[in-house]
Amino acid sequence: MENQGQGGDRITSRLTQSEVEQQVLLLPFVALSAYFVFEKGQFFVMDVKDSLGKDWTFFGTFHANEDLGNYVMIRLSQFPVEKGLKPNDEVSIMELPRQDGEGPCRKFKIEIKRQIRLFGVDIWGDLNV
């Protein structure tokens, strides 16, 4: 997991095989703590827009684990299936600026990148499906 950009406004993580199979995204607590108030056992809702402009609603929960530390599990519902996500795909989430008249709910954008080999060189390309 890697925070890029100023103020942690981009959260980036590479998917593991188990995350793809379970249709979840696991992130360290600190990656999302600036955006949500977490209570153990309580759900939070994350409204997300993909690269094609489709709106998604993800549900997440906070977990405390002595071995792993505090983390957040975001259930991605049908997103991984519809997008054809694979292990090692890079998922980036960033907050969208609030528009005038919008309520207090935060909205996010999600981007997916996949490593491809082109002319013998590995490059990362946007997955726009």
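This report describes aromatic ring pairs and two residues with positive phi in the structure above. The model is predicted, so that local features need pLDDT of at least 70 and side-chain atom pairs count only at pLDDT 80 or more, while totals for chains, interfaces and linings use all residues. Residues are numbered from 1 along each chain as its sequence is written, and side-chain values use heavy atoms, with hydrogens and water left out.

**Aromatic rings**

Across the whole structure, a search finds 7 aromatic pairs, where rings of Phe, Tyr and Trp (its six-membered ring) pair if their centres lie within 6.5 Å, and planes under 30 degrees apart count as stacked, over 60 as edge-to-face and the rest as tilted. Two of these pairs involve Trp56.

| Pair | Centre to centre | Angle between planes | Type |
|---|---|---|---|
| Trp56 and Phe58 | 6.5 Å | 35° | tilted |
| Trp56 and Phe79 | 5.0 Å | 85° | edge-to-face |

The pair of Trp56 and Phe79 links distant parts of the chain, since Trp56 lies in strand β5 (residues 55–65) and Phe79 in helix α3 (residues 79–83), 23 residues apart; helices (H or I, at least four residues) and strands (E, at least two) are DSSP runs, numbered from the N terminus. Trp56 is buried, with a relative accessible area of 8%, and Phe58 is buried at 0%, where buried means under 20% relative accessible area, exposed over 50% and partly exposed in between (1.4 Å probe, protein chains only). Elsewhere, Tyr35, Phe36, Phe44 and Phe108 form one aromatic cluster.

**Positive phi**

Gln23, in the loop between α1 (17–22) and β3 (24–28), has a positive phi of about 55° although it is not a glycine, and Gln23 is partly exposed at 23%. Phe119, in the loop between β8 (107–118) and β9 (121–126), has a positive phi near 55° and is exposed, with 79% relative accessibility.
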